[in-house]
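Visitor: I am new to this structure and should like to learn how its features are read. May we take them one at a time?

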Amino acid sequence: MTPIENRIVRYGDLKPCKTAFIDAHTPGSDQKENFTIIGGGVSESPDQHVHIQDTPGFNIGAAGQPPKCRNSLHSHTTAEVFFVLKGRWRFFWGRYGDAGEFIAEEGDIFNIPTGIFRGFENIGTDYGMIMAILGGDDAGGGVTWAPQVIEEAMDHGLILGENGTLYDTKKGETLPHNVNPMPLLTEEELKAFPEVPVEGVIKDFVARYWDMMALAANKPVKIIGPDALLKDKPGFEVEFLTRGSEADEFTSRDKHTVLMPVRGHWKLRLQDGETVLNPGDTALIDPGQVYALAPAMTGESSLYRVTATNDPAGATWVGT
């Protein structure tokens, strides 16, 4: 095994956790699978497997769900970016999930604004997968759940402690004597979570796959960054590459870089060998590591490249 294989998580090797979050027993959400690929993510379960412990200033994860399975309403204090790897997904947001929604197809990317309640569900006909980029080494320290999610979870045997850990009463678990339940947000606190209309989300936070394919025909297109299609400074930048985006030549960067193929097979060359990245694979390239990237065969080819920046992880920044 070449050293780079230790920095690649293959799609077929992903290890899911079915008890990652508070809604793991809630009907309609009890079949979802959570994956933490790079960094610990925001899982609330000690059963969560972490593939690569390193955190290059952000986390990489994924959510896999069968049709009609949803992820309950929650909020993040740092970036949560999703792109659709497989399937058809409905994203929705607001206190009760009715402030706005849109349908994301394969390859589409959504930089969800911080500080709003958001959820998503697989509305396709087969098992679906969305890949995630979470801002910050600690991914913002966890998620904040809409009050009704916590209440419904308790009805089905799951209690979230104020320490961020889940306790399953169906397994005989109870809150430790020194840990209180996670308090529900008050009506006053809920006023800080805006009900953003759909026209305030689509334009600045969503990029469509086939638009990016056209824009990246001759050079990489910047998707997330201060001068990108979606203007933000989440502690990382996201580019989209296709077959003609850049030459098959060695290059390096002074920050951690993550390669995430969407379509096609990509040949990754290093000075000590080469390998092929497939859709759903995740490769972590260390600062200063020399590599070259090119499609390995003919046909549709696309890939997201995520690079760390010096910007602190935090609330969404929308440039003017």
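Visitor: How many cavities of 30 Å³ or more does the count come to?

Guide: The model before us is a predicted one. Rolling a probe the size of a water molecule over the atoms shows where empty space is left. In this case the count comes to three cavities of 30 Å³ or more. The largest cavity holds about 210 Å³ of space.

Visitor: Which residues that line the largest cavity are the closest to its centre?

Guide: The lining consists of 20 residues, and the closest to the centre are Phe21, Asn34, Val42, Glu80 and Leu134. Strands β2 (33-38), β4 (58-65), β5, β6 (80-86) and β11 (128-135) are the elements that each give two or more residues to this lining. By class, 11 of the lining residues are nonpolar, eight are polar and one is charged.

Visitor: How much space lies in the largest pocket?

Guide: The largest pocket has about 360 Å³ of space. Of its 24 lining residues, Gly142, Val143, Thr144, Trp145 and Met182 are the closest to the centre. This lining divides into 11 nonpolar, 12 polar and one charged residues.

Visitor: Let us turn to a helix. Which residues of helix α1 are buried?

Guide: An α-helix has 3.6 residues a turn, so residues three or four places apart point the same way. Helix α1 spans residues 147-155, and its buried residues are Pro147, Val149, Ile150 and Ala153. Viewed down the axis of α1, these buried residues fall within an arc of 165°, so they line one face of the helix.

Visitor: What covers the buried residues of α1?

Guide: The cover includes strands β5 (70-75), β12 (144-145) and β13 (158-160), together with helix α2 (187-190). As for what comes after α1, the helix is followed by glycine 157, whose phi is positive, near 95°.

Visitor: I should also like to read a single residue. Is serine 302 buried or exposed?

Guide: A residue is called buried when its relative accessible area is under 20%. Serine 302 has a relative accessible area of 0%, and therefore counts as buried. This serine is found in strand β24, which covers residues 302-308.

Visitor: Which residues does serine 302 touch, not counting those up to four places away in sequence?

Guide: With those places left out, serine 302 touches Tyr209, Met213, Phe240, Leu241, Thr242, Pro261, Val262, Arg263 and Trp266. With tyrosine 209 there is also a polar contact of 2.8 Å, which joins the side chains of the two residues.

How values were computed: Residues numbered from 1 in each chain as written. Predicted model: local features only at pLDDT ≥ 70, side-chain atom pairs only at ≥ 80, totals over all residues. Heavy atoms only, no water. Buried < 20%, exposed > 50% of the residue type's maximum accessible area, 1.4 Å probe, protein only. Helix = DSSP H or I, 4+ residues; strand = E, 2+ residues; numbered from the N terminus. Arc of directions from axis to C-beta. Contact = heavy atoms within 4.5 Å. Polar contact = N/O pair within 3.5 Å; in protein donor to acceptor, adjacent residues only side chain to side chain. 1 Å grid on protein atoms, 1.4 Å probe; cavity = no way out; pocket = protein on both sides within 12 Å on 5 of 7 lines; lining within 4 Å. Points joined across faces, edges and corners; volume = space filled by probe spheres on them. Nonpolar A, V, L, I, M, F, W, Y, C, P; charged D, E, K, R; others polar.
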